[in-house]
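Visitor: I would like to learn how to read a structure such as this one, feature by feature. Could you take me through it slowly?

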Amino acid sequence: MAEENKEQSVAHFLELIKSSRRGKFKIYIGMSAGVGKSYRMLQEAHSLLRNGIDIQIGYIETHNRAETQALVNGIPLIPRRKIFYKGKELEEMDLKAILNRHPEVVIVDELAHSNIEGSKNSKRWQDVMDILDAGINVISAVNIQHLESLNEEIEKITGVGITERIPDKVLEMADEIVNIDLTADELIGRLKEGRIYDESKIERALQNFFRSEKILQLREIALKEVAHHLERKIDTEIPKQVKLRPEKFLACISSNAETSKIVIRKTARLASYYRSPWIVLYVQSSSESLDRIKLDKQRHLINNFKLATELGAEVLKVKSDEITKTIMQVATEREITTICIGKPHLNLFQVILKTPVFNGLLKNIAAAEIDLVILS
């Protein structure tokens, strides 16, 4: 026991050393393309240069916008690496060159970008983690629609599927998040003036993504996300006189792929808001043993476990035919404050009469200090 305590103490001290050496991470976030994230990053770069800071551009995407392109001039640039992929010459950020050059600060645009096959990391945000671990400060940018837990919500608003996404934990690791905010009228005005896309794309953009009602919803989501980040920062940096019961969430999923995905993403949002740990629990009954459920269901289940892990959850898989008892046992042992489940495909009266798991949960939770959240 004494040896184990020593090892834990050493491990904790090593973590403290690593965190003190780690670079600082600043993210500019926006509701959509064209709000001015890259422009603001470059403005900041010029200001840092004037103050004698060793800053380099690791990667910037100007989208041929004249105002943004003009700001690139005068800022030292680490050349991109050229790669031949499927018969084409492509360019990627040169992670190795950045680490070797080791500037004080590096600008890394397009945080959600997927790297070309064969790169050290599959995603640019993973490159940024390597850069931060090397003690280099990073200024980056991302649009709100690339946040993993918001993926489905934003797809409903915009009608556009987003394939390049970042886990919520990336924002949580940021030391500073700056929201680049514009009104819907200002953003549409920029588009019409040709300051976002070239003339051939303007009309199509106005008919699709750049519509006032969509922009307003995206703007609200972006503002809320930055507000939650600030709340989390206050919670961790300013000691509270009265300690409230710490929140801890338990997301209960089944082999129903779509419902489980919703439960995972929405619980991730709740856990993010409260800066709380959370667990995803799958109780495998004998009727859902691997030899009884179809291969596609097994695959979806594995994908949902992977999604939960990427979003920061601890995943528990328990074999039991006593589903309610198992959920309550886990909730008690792990000091859960809120259980999250998917909305049953029945009305509430039918649920209480016909679904023993839900009925059992209601009875058990009534006797415990645990909240039940039904996610639609």
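Guide: Let us begin with the pocket, keeping in mind that this is a predicted model. The largest share of the lining of the largest pocket, four residues, is supplied by helix 2.

Visitor: Which other elements each supply at least two residues of that lining?

Guide: Besides helix 2 (37–50), they are helix 3 (66–72), strand 6 (137–143) and helix 9 (199–207). The largest pocket has a volume of about 910 Å³, and of the 38 residues that line it, the closest to its centre are Ala33, His63, Arg65, Asn143 and Tyr197.

Visitor: How many residues of each class does the lining of the largest pocket have?

Guide: The lining has 15 nonpolar, eleven polar and twelve charged residues.

Visitor: Let us turn to the sheets. What holds the strands of a sheet together as pairs?

Guide: In general, strands of a sheet pair through backbone hydrogen bonds, and the pairing may be parallel or antiparallel. Here, one open sheet of five strands has the order 2-5-6-1-7, and its pairing is parallel. Strand 2 (55–59) and strand 7 (176–180) stand at the edges with a single partner strand each, so one side of each is left without a neighbour in the sheet. From one strand to the next, the twist of this sheet averages 20 degrees.

Visitor: How many bridges pair strand 1 with strand 7, and which residue of strand 7 stands opposite Gly30?

Guide: Strand 1 (residues 25–30) pairs with strand 7 in the parallel sense over five bridges, and Gly30 has Ile180 of strand 7 opposite. Helix 2, which we met in the pocket lining, packs on this sheet, touching strand 1, strand 2, strand 5 (105–108), strand 6 and strand 7, with its direction at about 165 degrees to that of strand 6. Helix 5 (residues 124–133) also packs on the sheet, where it touches strand 1, strand 2, strand 5 and strand 6, and its direction makes about 180 degrees with that of strand 5.

Visitor: What is the strand order of the open sheet that contains strand 8?

Guide: That sheet has five strands in the order 10-9-8-11-12, with parallel pairing. Its edge strands are strand 10 (314–319) and strand 12 (371–375), each of which pairs on one side only, and the twist averages 25 degrees from one strand to the next. Strand 8 (residues 249–253) and strand 9 (residues 278–284) run parallel and are joined by five bridges, with Phe249 opposite Trp278 in strand 9. Helix 11 (residues 257–274) packs on this sheet, touching strand 8, strand 9, strand 11 (338–342) and strand 12, and its direction makes about 175 degrees with that of strand 8. Helix 13 (residues 323–333) lies across strand 8, strand 9, strand 10 and strand 11, running at about 155 degrees to strand 9.

Visitor: Finally, how is a pair of aromatic rings described?

Guide: Such a pair is described by the distance of the centres and the angle of the planes. The structure holds three aromatic pairs. In one of them, the rings of Tyr197 and Phe210 have centres 6.0 Å apart and planes at 90 degrees, so the pair is edge-to-face. Tyr197 lies in the loop between helix 8 (184–192) and helix 9, while Phe210 lies in the loop between helix 9 and helix 10 (212–237), so the pair ties together parts that are 13 residues apart in sequence.

Notes: Residues are numbered from 1 along each chain as its sequence is written. This is a predicted model: local features need pLDDT of at least 70, side-chain atom pairs count only at pLDDT 80 or more; totals for chains, interfaces and linings use all residues. Side-chain values use heavy atoms; hydrogens and water are left out. On a 1 Å grid over the protein atoms alone, a cavity is a set of points where a 1.4 Å probe fits but cannot get out, and a pocket is an open set with protein on both sides within 12 Å along at least five of seven lines; lining residues have an atom within 4 Å of a point. Grid points are joined across faces, edges and corners, and a volume is the space filled by probe spheres set on the points. Ala, Val, Leu, Ile, Met, Phe, Trp, Tyr, Cys and Pro count as nonpolar, Asp, Glu, Lys and Arg as charged, and the others, Gly among them, as polar. Two strands pair if DSSP finds at least two bridges between them. Axes are lines fitted to C-alpha atoms, for helices over the stretch in contact, and angles run from 0 to 180 degrees between N-to-C directions. Contact means heavy atoms within 4.5 Å. Rings of Phe, Tyr and Trp (its six-membered ring) pair if their centres lie within 6.5 Å; planes under 30 degrees apart count as stacked, over 60 as edge-to-face and the rest as tilted.
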